[in-house]
Amino acid sequence: MSETYVTVIGNVATEVSYGETSGGVPMANFQLGFTERWYDRERARWVDGEAQWLRVTAWRALAVNLIGSLSKGDPVLVTGRLRVREWTEGEVKRSRAEISARSVGHDLTRGTAAFRWATGVRGQPSGAARGAADGAGAETAGEPVPGWIVNALESRRVPAAAVAPRSPELPPGGREVTEQQEDVSEGRRGGEDRAMPG
């Protein structure tokens, strides 16, 4: 029997629960809520269909990473194997659709996210791989890291000269502005002047 793989877009409807099997294998799960949405031209507005619910189960490294990455309400994309679980409670037959997740990520059409490499995850570039610039890739945990990933990480490294401390010499009555203050100032003043008033 062939397995059915699906990708579902929705929201994390419950907090992620975490546990381990008797053999010590990490496992996490959460409820995924999603609904079809379409534009009704006659009423000139968006209409939501019936809400659907799926249980998402993740194993091993994915399970561990879900704990520090997802919160209730987050918009996500889940790819994995679709299964329908059936069981009997007394004389009543019950069923539930589940996804055994292969990959989970935030839906970037609705917000932004900052990726961080997890420690000890298979395929993660090591420090040497991050510093490599030859584009030939590197070996980490027995799995090659593609050269384009190594190059991308290298291009994001900040040169030492760029992080040198600022000169302590300031004009009379002036004060140093942090990057965070610059961002706030730019937001308040429409980007006209990035300096904070003295």
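Reader: Taking two strands as paired when DSSP finds at least two bridges between them, over how many bridges do E2 and E3 pair?

Author: In this predicted model, E2 and E3 pair over four bridges, and the sense of the pairing is antiparallel. The two strands form a hairpin with five residues between them, and Gly24, which sits in the turn, has a positive phi of about 85°.

Reader: Which residue in E3 is the bridge partner of Tyr18?

Author: The bridge partner of Tyr18 in E3 is Ala28. Tyr18 itself belongs to strand E2, which covers residues 17–20.

Reader: And is Tyr18 buried, partly exposed or exposed?

Author: Tyr18 counts as partly exposed, because its relative accessibility is 40%, and the partly exposed class lies between the limits of 20% and 50%. Tyr18 also forms a nonpolar patch on the surface together with Val64 and Ile67, and the accessible area of these residues together is about 260 Å².

Reader: Let me step back to the whole chain; what pattern does the protein follow along the sequence?

Author: Read along the sequence, the pattern is β-β-β-β-α-β-β-α-β-β-α-α, which corresponds to a protein with four helices and eight strands. Of its 198 residues, 24% count as buried, while the accessible surface comes to about 14500 Å², with 50% of that belonging to carbon and sulfur atoms.

Reader: What share of the contacts joins residues at least 24 apart?

Author: If one takes the contacts between residues at least 6 apart in sequence, 47% of them join residues at least 24 apart.

Reader: Before I rely on any of this, what is the mean pLDDT of the protein?

Author: The mean pLDDT is 75, and 60% of the residues reach 70 or more. For residues 128–143 the pLDDT is below 50, although this stretch has 36 contacts in the model beyond near neighbours in sequence. Residues 178–198 also stay under 50 in pLDDT, and for them the model has 19 contacts beyond four places in sequence.

Reader: Back to the strands, then; in which sense does E5 run relative to E6, parallel or antiparallel?

Author: E5, which covers residues 75–89, runs antiparallel to E6, and 14 bridges join the two strands. One of the bridge partners can be named, since Gly80 has Ala101 as its partner in E6. E5 and E6 form a hairpin with two residues between them, and Gly90 in the turn has a positive phi of about 65°.

Reader: With which residues do E4 and E6 pair, I mean, what are the ranges of the two strands, and in which sense do they pair?

Author: E4 takes in residues 45–59 and E6 takes in residues 92–106, and they pair in the parallel sense over three bridges. Within that pairing, Val56 has Ile99 as its bridge partner in E6.

Reader: Switching to charges, how many salt bridges does the count come to?

Author: The count comes to five salt bridges. Among them is one between Glu98 and Arg85, whose closest N and O atoms are 3.1 Å apart. Glu98 lies in strand E6 and Arg85 in strand E5, so this pair ties together parts that are 13 residues apart in sequence.

Reader: Is Glu98 buried or exposed, and what about Arg85?

Author: Glu98 is buried, because its relative accessible area is 9%, whereas Arg85 counts as partly exposed at 39% relative accessibility.

Reader: What about Arg94; which side chain does it meet in a salt bridge?

Author: Arg94 meets Glu89, with 3.0 Å from N to O. Arg94 counts as partly exposed at 39% relative accessibility, and Glu89 is partly exposed as well, with a relative accessible area of 43%. Apart from that pair, salt bridges that share partners join Arg85, Arg96 and Glu98 into one network.

Reader: And where does Asp40 lie?

Author: Asp40 lies in strand E3, which covers residues 26–40, and its side chain meets that of Arg43 in a salt bridge at 2.8 Å, N to O. Asp40 counts as buried, because its relative accessibility is 15%, and the limit for buried is under 20%.

Reader: Which residues does Asp40 touch, not counting those up to four places away in sequence?

Author: On that basis, Asp40 touches Arg45 and Val47.

Notes. Residues numbered from 1 in each chain as written. Predicted model: local features only at pLDDT ≥ 70, side-chain atom pairs only at ≥ 80, totals over all residues. Heavy atoms only, no water. Patch = residues over 30% accessible without salt bridge, like charges linked within 9 Å, V, L, I, M, F, W, Y side chains within 5 Å. Areas by Shrake-Rupley, 256 points an atom, 1.4 Å probe, with all protein chains shown as cover. Salt bridge = Lys/Arg side-chain N within 4 Å of Asp/Glu carboxyl O. Buried < 20%, exposed > 50% of the residue type's maximum accessible area, 1.4 Å probe, protein only. pLDDT = per-residue confidence, 0-100. Contact = heavy atoms within 4.5 Å. Pairing = 2+ DSSP bridges.
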